Amino acid sequence: MTRERGPRTGRPGPSRRERGALLAASLTAVSLTASGCVVVHGERVVVPAGTRGEAARAVEEFTAAYNKADAAYDASLDAAYTAGPLKVIDAARLKAGHVNHPGGNPQHTPLALSDVRYTIPKKAGWPRWFVADAQANKGGSARWLMVFQRHDVSERWQATYLTLVAPGALPEFEKDADGWAEAVPADASGLAAAPGTLSKGYADYLRSGGSSFADGTHTSALRAQRQKNASRPGLATQYVDEPLTDGDYAPVALRTADGGALVFFSSHHFVKQTAAQGASVPAPNANVRALTTGEIKQTLTMEFVANQVAVDPAGTGGRVSVLARVEGLTSAKGE
């Protein structure tokens, strides 16, 4: 297979420095020639992706929508606030929840974020994006690491990536005198791997191994667990891994203080379980059944989307370290 594919009042507004920076960038984008002609170079001018006030409002609006959707098990309530891998993972979770609990989520606890830190890069062109790193009342001590993106100034900010990262695991980011971060292009050189190649590289690694990724929970340990699953008597388990890089699934990367990059990227996975003749596939749990079409007789094929965040070190010959990974079942088929 080769497919790619409570609310607060008094919200902070942009500071005087932020307003000045954005105004200066806007004026730079328009050059007035001696002849009176106006030339716009908005796609080439490097500007902050947004203000800190805009980022704070985006996180607040996402949190409010997320809580409404989670309480009702209704994906339509936060669909406008999510995109990319987070959208499909979240929508499938809510769909399964609704099938099993049509009256709503009996275990709902509102998500509350605190100590939110914003990393906003300066970049040219669209999409624009920023990273929010927050403590939450869910996920234990892990911090919620989210990417928000939009493709036009008229669009709403949407959360595209969400991973949970251990405290202190994030590297320090490179920032200028005004506190703006640096976006790393997908084809950037001078790194262990260009950010745009990580999705394919990760799929290749899960399939065949190699030395491009450092050992860890989401690399060597995941491969070892797959090999163990594949050898279970009476049940054959096959894995197919694919890159996922188009549109809102495209990777985004921030420059780290040591010259490397922190990269967010997506991937696409299939797991097929086939029982031996006369045996049956182990009964899946209620959430898997809720997303399954067909009758599970001898095989069950499950489709997953995952989003990862990784440290991509400076220089050649280094190994990429996957810090965190969130994978969600999006559909399944029984035969």
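**View 1. Helix 2 spans the length expected for its 21 residues.** At 1.5 Å a residue, helix 2 should cover 30 Å, and its end C-alpha atoms lie 31 Å apart, which agrees. As you explore this and the following views, please keep in mind that the model is predicted. The helix runs through residues 52-72. Just after helix 2 comes tyrosine 73, with a positive phi of about 50 degrees. Tyrosine 73 adopts this positive phi although it is not a glycine. You will find tyrosine 73 in the loop between helix 2 and helix 3.

**View 2. Helix 2 packs against helix 3.** Here we follow the chain onward to helix 3, residues 84-100. The two helices pack at an angle of about 25 degrees, and their axes are 11 Å apart. With 35 degrees as the upper limit for the term, that angle makes helix 2 roughly parallel to helix 3. On the helix 2 side, the contact is made by Phe62, Tyr66, Ala69 and Asp70. Helix 3 contributes Leu86, Asp90, Arg93 and Leu94. Sorted by class, the contact holds five nonpolar and three charged residues, with no polar ones. A helical rule of thumb is handy when looking at such a contact: an α-helix has 3.6 residues a turn, so residues three or four places apart point the same way.

**View 3. Four strands form an open antiparallel sheet.** Reading across the sheet, the strand order is 4-6-7-8. Strand 4 (113-119) and strand 8 (158-165) are the edge strands, each pairing on one side only. From one strand to the next, the twist averages 25 degrees. Seven bridges connect strand 7 (residues 143-150) with strand 8, and the two pair in the antiparallel sense. To get your bearings within this pair, look for tryptophan 144, which stands opposite leucine 164 in strand 8. Helix 2 returns in this view, as it packs on the sheet and touches strand 4, strand 6 (128-136), strand 7 and strand 8. The direction of helix 2 makes about 110 degrees with that of strand 7.

**View 4. A three-stranded open sheet has mixed pairing.** Its strands follow the order 3-5-9. Strand 3 (47-48) and strand 9 (181-182) stand at the edges with a single partner strand each, so one side of each has no neighbour in the sheet. Strand 3 and strand 5 (residues 121-123) run antiparallel and are joined by two bridges. Within this sheet, valine 47 sits opposite lysine 123 of strand 5.

**View 5. A cis peptide bond joins tryptophan 126 to proline 127.** The omega angle of this bond is about 0 degrees. Proline 127 belongs to the loop between strand 5 and strand 6. This loop therefore offers a link between the two sheets of the previous views, with strand 5 in the order 3-5-9 and strand 6 in the order 4-6-7-8.

**View 6. Helix 4 and helix 5 cross at roughly 45 degrees.** Our last stop shows helix 4 (residues 198-208) and helix 5 (residues 220-230), whose axes come within 9 Å. The two helices are therefore oblique to each other, and their crossing is right-handed. Helix 4 brings Tyr202, Tyr205, Leu206, Arg207 and Ser208 to the meeting place. Ser220, Leu222, Arg223 and Arg226 are their counterparts in helix 5. The residues of this contact divide into four nonpolar, two polar and three charged.

Methods: Residues numbered from 1 in each chain as written. Predicted model: local features only at pLDDT ≥ 70, side-chain atom pairs only at ≥ 80, totals over all residues. Heavy atoms only, no water. Axes fitted to C-alpha atoms, helices over the stretch in contact; angles between N-to-C directions. Parallel < 35°, antiparallel > 145°, perpendicular 65-115°, else oblique. Contact = heavy atoms within 4.5 Å. Nonpolar A, V, L, I, M, F, W, Y, C, P; charged D, E, K, R; others polar. Pairing = 2+ DSSP bridges. Left-handed = near helix turned anticlockwise from the far one by under 90°. Expected span 1.5 Å × (residues − 1).
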